[in-house]
Amino acid sequence: MDLTNGFAFICPFKTNSGNKALENLPVELAGLNACKPLIITSRKLAGGSAIGTLKNAFGDSGMTFGVFDEVTETADLNVVEQIRDIFIKGQYDSIIALGGGVIVDVAKIVNLAVSQKVADARQLSTATAIRDPLGPFVVIPTAAATGMETSKYASLHGISFVAVHLMPDLVILDPRLTRAKDGKAVAEAGFAAFGRILEADVAPGKNPLMHAYAFTALRFLRENLAEAVTKRCNKKASLAVANAVAMSGCVISNTDQTVLHRLGKVFQNIVHVHPGMIIGMCLYPFLDDQIKKDRSLLSNLLLTLGGDDKYVFMPEDGRPGAALREIYEFSYEIYAALKGKMPPTIREAGIQQYLMDDVLEVINQEPDGAYLRTIIDRVGGSSIKA
Amino acid sequence: MQEIHAGGKPLKKAYVAIFLWFTGRAIQAAAKVDKEVKKEFDTLPDEFTFALGSLPNGPWMVVGKEKGKVKYFGGNLKCRPIHLRLVIKNIEAAFLILSFQESTALATTRNRLMTDGEVPYALSVIRILDIVEVYLLPKLIASLAVKRYPSWWPFGHKLAGRIGVYTRTLLGI
């Protein structure tokens, strides 16, 4: 790691994790100078019990808060405008997003609209400049998290926003909310985080702070994801996975290497599958290419994923290959635990021909489209075409 | 869309209030019965007052020194100038700590406590609270509440202290 060229790293949010962490919310909001929050969530996506747990966490704080629980998977800027209107009329002063994926994207854009005092949220576009810090924003991820909740990205109906000010001020991870309904959801979130962190960690431009986050998150996933997938009642494992997923948002906000992330996003937007499913498929071909480019970048992964002993006893030359084997074993463990519920190739995912055509069309427009195409081909994307 | 006013947790609040009331009186009693507690209070400045309680609306326990004697001042934070506040962030955390599901040390590492004042004074108060808990609670429960249970105390010392602390606490002397 060459530090002479300098580096920048940003992680503006505080993380509050653990048993009854949610109950700290009133104190933390007071610390952000907020006393009347608006909760943005979805009864269908986040679940009624999660909303109940959050309401209960306000305890005897004496706070008044609003709950908007009608965000849907197809939410667009009209919903953002509707919530912006509620926020202004109700004189709320902060936003709490409960859930993952589209819920947090909507909340980020509402925060942007109310903080920048735009007259109509439907006017917001990719060209909207986000130069100043936004209002107090809290994210409480549930098992439906995708990992992008804590990132600097927000995307809704094809309109994308990128700014560090979109990142939350506070992230609360409570084991009562991180247990998933099924193992597949945990595996998808875990793979999405694993892939994004891994590609940032093997990038030539990584910096030591990002590596510290990546190391911790990858260890959490290596040690806990299989357990969280098979035993969903295991609070310790599901909380460790949730922490890793939250950290992945920070890592992805500090890297330029986003091959797997972009592949996952294209499929998410067009085919409406979880990006983790695609990232899990593309992980091995991507790393295979990396090892051909520069073996040394993968050496340290053995220490992260295999542990101290394996790293010490393996000669320098064998470390990249051993790291790849660790990743293969890790992936195999998860796919085996899911017993066929998660397809390992695009062909087995049953994606329709016309959707695959749309995916390839978008991928071809990317600057490195030809390379992305080779990854898709290697995970069975071409066989659908044939 | 709905607007909600946060409800209360009356049962947990009542438990915490009773516990703090009893502990406050027990500290006053222990300062007269136990030499270690007396020694800890002697190291604190004259008129020193500390409060232990939960955010946002209490309950609180205010204990301090008045004319060289240790006194429990009730639950009103405005009764005297407070030099040290040991604050539990919410009533749920207060219940966890005061129902011995978590020790003070564990609760501190889990970010449930805040100290507003001098840290050396806070450590003295924590040591006093630990001794008082050992007197008030059976060994099984006290072991959960304190970091290290003083198994080196002679049985007679513990028994005599316990009788003294309980009698004075109940009588309020």
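**Surface and fold of chain A**

Tutor: In this predicted model, the accessible surface of chain A comes to about 15,600 Å² (Shrake-Rupley method, 1.4 Å probe; for residues, only the protein chains shown count as cover), and 52% of that surface belongs to carbon and sulfur atoms.

Student: What share of the 386 residues is buried?

Tutor: Buried residues, meaning those under 20% relative accessible area, make up 59%.

Student: Which residues form a nonpolar patch on the surface?

Tutor: Leu3(A), Phe7(A) and Leu209(A) form one, with about 280 Å² of accessible area together. Patch residues have over 30% relative accessible area and no salt bridge (a side-chain nitrogen of Lys or Arg within 4 Å of a carboxyl oxygen of Asp or Glu), and nonpolar side chains are joined within 5 Å.

Student: Why does Leu209(A) count as partly exposed?

Tutor: Leu209(A) has 42% relative accessibility, and partly exposed lies between under 20% (buried) and over 50% (exposed).

Student: Where is Leu209(A) placed?

Tutor: Leu209(A) is in helix H6, residues 208–230. Helices are DSSP runs of H or I with at least four residues, and strands are runs of E with at least two.

Student: How many helices and strands does chain A have?

Tutor: Chain A has 16 helices and eight strands.

Student: Changing topic, which elements have the lowest and highest mean pLDDT?

Tutor: On this confidence score from 0 to 100, helix H16 (residues 381–385) of chain A is lowest at 51, and strand S5 (residues 137–140) of chain A is highest at 95.

Student: And what does chain A average?

Tutor: The average pLDDT is 88.

Student: Any notes on conventions?

Tutor: Residues are numbered from 1 along each chain as its sequence is written, while chains are lettered from A and ligands numbered from 1 in the order in which they are written. Local features need pLDDT of at least 70, side-chain atom pairs count only at pLDDT 80 or more, totals for chains, interfaces and linings use all residues, and side-chain values use heavy atoms, with hydrogens and water left out.

Methods: Patch = residues over 30% accessible without salt bridge, like charges linked within 9 Å, V, L, I, M, F, W, Y side chains within 5 Å. Buried < 20%, exposed > 50% of the residue type's maximum accessible area, 1.4 Å probe, protein only. pLDDT = per-residue confidence, 0-100.
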